[in-house]
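Q: Could you take me through one part of this model in detail? I would like a close look at the place where the ligand sits and what surrounds it there.

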Amino acid sequence: MRVARSFPRLAAMNKNVIERTFSLHRTHTLKDMENIFQLVRNVIPPLTGKRHKGQDGRIGIVGGCQEYTGAPYFAAITALKAGADLSHVFCTKDAATVIKSYSPELIVHPVLDSPNAVYEVEKWLPRLHSVVIGPGLGRDEVLLENAKGIIEKSKLKGIPIIIDADGLWLISQQPSIIQGYQRAILTPNYMEFSRLYEAMLRDPVDSSDHHGCVLRLSQAMGNLTVVQKGERDLISDGDKVLVCSHEGSSRRCGGQGDLLSGSLGVLAHWAFMAGAEKTNGQNPFLVAAFGACSLTRQCNNQAFQKFGRSMTASDMVSEVGTAFNKLFET
Ligand SMILES: NC(=O)C1=CN([C@@H]2O[C@H](COP(=O)(O)OP(=O)(O)OC[C@H]3O[C@@H](n4cnc5c(N)ncnc54)[C@H](O)[C@@H]3O)[C@@H](O)[C@H]2O)[C@@H](O)CC1
Ligand SMILES: Nc1ncnc2c1ncn2[C@@H]1O[C@H](COP(=O)(O)OP(=O)(O)OP(=O)(O)O)[C@@H](O)[C@H]1O
Ligand SMILES: [Mg+2]
């Protein structure tokens, strides 16, 4: 274990804590914080000459339509820059050329509005390690129906599914699509969380009890992982609540959540594959979510130091490599 050496650096670097359901939000110690960072490090595959292309992650992003081409791009490029080998985007026909023109690194499939969209994506599922459903998907009924079909096929394959943005809109209309599938991670922002919570709990969010709310939502969804994004990110599987308050900045430009869901695509795969020994028996999706939240906030922090108020999501993407090294490579 490389943990001991890096204690002081991490102490200075952040104030993340791990909290447990039944401990009434007891703030845990620096050791807990370091432990969770160490678990993230444990699941990251070492870079060796022995691995072949694709082994460290083939990630699919389902989203991208006429209005939104940035969101799937940010998610897909972040998955790659965080260490995935291949990043696929499944989007509508008119979004595809635009997304390709942002980056030659991405593999772009213009299938999401085709009559056999679900089949076209299903063909690729055996070659994907995880899917991120929703960035820039939009709310067109046909596209949402296709996303639903893709979620169902992904569940049958047992692959980790990250649901974000308009994917969460779909889930708040029809929660049973994902309820009980414990290889799913939901990444709601403030509004998305409120919609999901009200749909599931039939009550408005209790703003004096964020921990209780994220726990209850996870439990109501069948103990899948929920990442409530905000000033502090709360991550729960209905049993524990991890808190990520790693220092970011006060700049809130669009696209930051897309970096989070894209990096979570690859981290969820790594954590899932790593096995219980590497995660010390912890839920691998909690570990992955903590890693993705910390990484996104670190990118935000670094980009803000360079650009201040003019910082955009693209500036954060440029920081993924150095942020990753700073947090996780020892
Ligand atoms: N460049 C792009 O293509 C981008 C596209 N995006 C896409 O845009 C679509 C809609 O996403 P939205 O996030 O706007 O979803 P929503 O339609 O759920 O809107 C959330 C709204 O809530 C507001 N809000 C956020 N935090 C709040 C708070 N604490 N209190 C009150 N209001 C708050 C925001 O201003 C936002 O307008 C998705 O498909 C998403 O992926 C975004 O990811 C941003 C970047
Ligand atoms: N008030 C805040 N202070 C610090 N970090 C924040 C704050 N709000 C959100 N974040 C961070 O920004 C990232 C994105 O969260 P946000 O709520 O902006 O997502 P989003 O609305 O889905 O973004 P997007 O525009 O990509 O859809 C998360 O990593 C979260 O930790
Ligand atoms: Mg979002």
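A: Happy to help; what follows is a walk around the ligand site. Keep in mind that this is a predicted model, and that the distances below are computed from its atoms.

Let's begin with the shell. Ligand 1 is surrounded by 17 residues, and the closest of them are Gly136, Asp166, Met191, Arg195 and Asp258. Sorted by class, the shell is made up of seven nonpolar, five polar and five charged residues.

Where does the shell sit in the fold? Three helices each contribute at least two residues to the shell: H3 (70-81), H7 (165-173) and H8 (190-201). Among the contributors, H8 gives the largest share, with four residues.

Now for the polar contacts, where oxygen atoms of ligand 1 meet the protein through both backbone and side chains. Asp166 places an N or O atom of its side chain 2.3 Å from an oxygen atom of the ligand. For Arg195, a polar side-chain atom is found 2.6 Å from an oxygen atom of ligand 1. Gly136 takes part through its backbone: one of its N or O atoms there is 2.9 Å from a ligand oxygen atom. As for how much of the ligand is covered, ligand 1 on its own has 860 Å² of accessible area, and the protein covers 55% of that.

To bring the picture together, Gly136, Asp166 and Arg195 are each among the closest residues, and H8 is the helix with the largest share of the shell.

Conventions: Residues are numbered from 1 along each chain as its sequence is written. Chains are lettered from A and ligands numbered from 1 in the order in which they are written. This is a predicted model: local features need pLDDT of at least 70, side-chain atom pairs count only at pLDDT 80 or more; totals for chains, interfaces and linings use all residues. Side-chain values use heavy atoms; hydrogens and water are left out. A residue is near a molecule or strand if one of its heavy atoms lies within 4 Å of it. A polar contact is a pair of N or O atoms within 3.5 Å; within protein, one must be able to donate a hydrogen and the other to accept it, and residues adjacent in sequence count only if both atoms are side-chain atoms. Accessible areas come from the Shrake-Rupley method with a 1.4 Å probe; for residues, only the protein chains shown count as cover. Ala, Val, Leu, Ile, Met, Phe, Trp, Tyr, Cys and Pro count as nonpolar, Asp, Glu, Lys and Arg as charged, and the others, Gly among them, as polar.
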